[in-house]
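Visitor: I'd like to learn how to read a model like this one, feature by feature. Could you walk me through it?

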Amino acid sequence: MYFEKSKGFPKDFLWGSASAAYQVEGAWNEDGKGPSNWDEFVRIPGKTFKATTGDKAVDHYHRYKEDVALMAEMGLKTYRFSISWPRIIPDGNGEVNEKGLQFYDDLINELVKNNIVPMVTVYHWDMPQALEEQYHGWESRRIVDDFVRYAKVLFERYSDRVKHWIIMNEQNVFTGLGWNAGMHPPGKVDDQKMFYQVNHHAFMAHAKSVIALKEICPDAKVGSSFAFTPAYAFDRKPENAMAKMDYDDLENFYWMDMYAYGRYPRAARAYLESKDLMPVIEDEDEEILKKAASLIDFMGVNYYRTCVAEYNPIDGVGATHEMNTTGKKGTAKVQGVPGLYKNPANEFLPTTDWDWTIDPMGLRMCCRQITSRYDLPIVISENGLGAFDKFEDGEIHDPYRIDYLKHHIEELKKACDDGCRVLAYCTWSYTDLLSWLNGYQKRYGFVYVDREEDENSGTLNRYKKDSYYWYKHVIETNGEEL
Ligand code: BG6
């Protein structure tokens with residue numbers, strides 16, 4: 001749509017920024033924290049860029065006050081962070097660790113004191129390793145009850161101060177990379193059947209947690225964050241338009257329909273049944289999933305890029321189980337699902353050094369699609385640019401990041417004009433942090449952290465990038481001056 005004049009962002013818009021426990025905290029074995037699946041996985045040779053770990057990360061565990069002070073100075077309205085399950089329940093289902101609870105109490109209090117709305121992610125991928133050993137984690141239905149118990153501990157402790165909750169972060173990513181691509185724990189390759197079963201368990205954990213939260217704190221707002229990668233049909237050939245439909249049902253709606261409607265898309269279901277890939281669903285599941293869907297308050301969206309969907313013949317390209325993790329542009333390969341679709345490059349869009357397309361309009365499209373299909377409010381829970389930054393005498397000039405964010409915010413403003421109800425926009429990320437597979441050289445933050453891949457490198461001191469000052473002004477003007 002085209003509007004002569006923009007209405008701009010709503011008055012109470014939450015300008016934010018985000019992080020995740022494993023990527024920032026460090027203190028991996030302090031104050032009673034148990035080992036996570038990631039603590040284990042990063043120690044397997046060849047799994048991460050230059051064998052980087054989150055052992056120390058950017059030491060947010062010890063420097064959270066300094067980080068919150070920087071947020072306050074910037075005028076940040078909301079900070080999205082995740083809680084580490086093994087810090088709260090070290091072995092996943094046994095004793096609760098008071099020191100772990102205390103850390104997040106302190107962080108939340110510090111945020112509230114500084115008028116920053118805490119937005120909490122319950123699960124951003126770090127699962128207690130003990131659950132892997134007990135019953136293979138997400139592969140067993142037993143995880144649902146253990147997850148909900150963990151979630152309830154958080155709701156009971158923090159929901160007096162935390163009113164914004166995201167249950168799952170990018171369920172599509174941690175399951176896809178964990179059971180198909182072998183790049184996240186537990187490192188399984190092409191285990192399609194288990195991939196769908198694991199997802200069903202995660203959907204049940206999400207649903208039961210949503211229901212529990214609303215019982216404990218009826219005025220809390222809740223949703224889950226989906227990694228939404230919209231696709232363009234390769235061209236106007238009908239078979240490519242159909243490839244896009246298949247892609248949408250299997251790669252996007254499969255998750256968003258479950259969160260918003262409590263059911264799988266019919267075409268996806270039919271496809272999985274024909275391939276004998278349908279997960280085991282218990283009798284009561286449907287009712288629980290539907291109830292949770294009726295209770296969610298928003299769709300969380302992590303948006304980074306768009307892709308292209310082109311018909312892929314049955315003898316066509318499959319998954320390559322590879323990713324550009326080095327930052328050497330042009331090394332990503334075309335992947336696909338034989339018989340359905342493949343995702344070739346889009347020559348109309350620039351890319352980052354890690355071969356992710358840069359497509360601001362895609363963010364507006366995400367909002368429009370969610371609004372049309374689900375009519376739900378939206379929280380943009382992640383959006384940002386991973387780039388090499390240069391530290392020059394205490395200054396970091398990152399005009400490329402400012403440019404990226406500016407154009408995305410412009411499109412988000414248009415989405416608001418289109419009638420989409422956008423509640424919050426969180427950039428990824430606040431400080432620089434560990435990029436799971438790409439080490440510390442792929443930087444996303446407004447705040448530069450002095451460290452590199454080597455665990456003993458750098459002072460871990462914080463420095464404001466140019467984008468820090470720019471975003472401060474964006475917040476001050478409620479997105480009017482970009
Ligand atoms: C999302 C995750 O997938 O994208 C984050 O929720 C992640 O945890 C971010 O860091 C950027 O991805 P990457 O691979 O560049 O770190």
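**Reading the model**

Guide: Let's start with a single residue: K152 sits in helix α7, which covers residues 142–158. Keep in mind that this is a predicted model.

Visitor: Is K152 buried, exposed or partly exposed?

Guide: The cut-offs are simple: under 20% relative accessible area is buried, over 50% is exposed, and anything in between is partly exposed. K152 comes out at 36%, so it counts as partly exposed.

Visitor: And what does K152 touch, beyond residues up to four places away in sequence?

Guide: With those set aside, K152 touches A212 and I216. For another distance, take F203, 51 residues from K152 along the chain: the two C-alpha atoms are separated by 16 Å.

Visitor: Let's zoom out. How many helices and strands does the chain have?

Guide: There are 15 helices and 14 strands. The C-alpha trace spans about 55 × 55 × 45 Å along its principal axes.

Visitor: How does the radius of gyration compare with that of a compact globule?

Guide: For 482 residues, a compact globule would have a radius of gyration near 23 Å; this chain has 21 Å, which agrees. Buried residues make up 60% of the 482. As for contacts, take those between residues at least 6 apart in sequence: 77% of them join residues at least 24 apart.

Visitor: What about the surface and the charges?

Guide: About 19000 Å² is exposed, with carbon and sulfur atoms supplying 52% of it. The side chains include 57 positive and 76 negative ones, and the centres of these two sets lie 3 Å apart.

Visitor: Now a helix. How do I find its buried side?

Guide: Here's the general idea. An α-helix has 3.6 residues a turn, so residues three or four places apart point the same way. Now try helix α12, residues 285–295, where D285, I288, L289, A292 and A293 are buried. These five cover an arc of only 135° around the axis, which puts them on the same side of α12.

Visitor: Which exposed residues are on the face of α12 turned away from its buried side?

Guide: That face carries E286, E287 and S294.

Visitor: And what do the buried residues of α12 pack against?

Guide: Two helices: α9 (192–216) and α10 (238–261).

Visitor: Since α9 has come up, can you show me a residue in it?

Guide: Sure, K193 is in helix α9. Its relative accessibility is 39%, so K193 counts as partly exposed. Leaving aside neighbours within four places in sequence, K193 is in contact with D276, L277 and M278. K193 is also 13 residues from N180 in sequence, with 9.8 Å between their C-alpha atoms.

Visitor: What should I look for in the backbone?

Guide: Start from the usual case. Most residues other than glycine have a negative phi, and most peptide bonds are trans. Then look for departures from that.

Visitor: Where are there cis peptide bonds?

Guide: One runs from P185 to P186, with omega near 5°. P186 is in the loop between α8 (171–179) and α9. Another cis bond joins W428 to S429, with omega near 10°. S429 lies in the loop between β12 (422–428) and β13 (447–449).

Visitor: Which residues other than glycine have a positive phi?

Guide: D59 is one of them, with phi about 60°. D59 is found in the loop between α2 (37–41) and α3 (60–74). Its relative accessible area is 11%, so D59 is buried. L460 is another case, with phi near 65°. L460 is in the loop between β13 and β14 (462–464), and at 9% relative accessibility L460 counts as buried.

Visitor: One more, please. What can you tell me about Y64?

Guide: Y64 lies in helix α3, and with a relative accessible area of 12% Y64 is buried.

Visitor: What is Y64 in contact with, leaving aside its neighbours within four places in sequence?

Guide: Y64 is in contact with F103, D106, L107 and E110. Take F103 from that list: Y64 and F103 are 39 residues apart in sequence, and 9.6 Å apart from C-alpha to C-alpha.

Definitions and conventions: Residues are numbered from 1 along each chain as its sequence is written. This is a predicted model: local features need pLDDT of at least 70, side-chain atom pairs count only at pLDDT 80 or more; totals for chains, interfaces and linings use all residues. Side-chain values use heavy atoms; hydrogens and water are left out. Helices (H or I, at least four residues) and strands (E, at least two) are DSSP runs, numbered from the N terminus. The radius of gyration is taken over C-alpha atoms; the globule rule is 2.2 Å times the number of residues to the power 0.38. Buried means under 20% relative accessible area, exposed over 50%, partly exposed in between (1.4 Å probe, protein chains only). Contact means heavy atoms within 4.5 Å. Accessible areas come from the Shrake-Rupley method with a 1.4 Å probe; for residues, only the protein chains shown count as cover. Lys and Arg count as positive and Asp and Glu as negative; His and the chain ends are not counted. The place of a charge is taken as NZ of Lys, CZ of Arg, CG of Asp or CD of Glu. The arc is that of the directions from the helix axis to the C-beta atoms.
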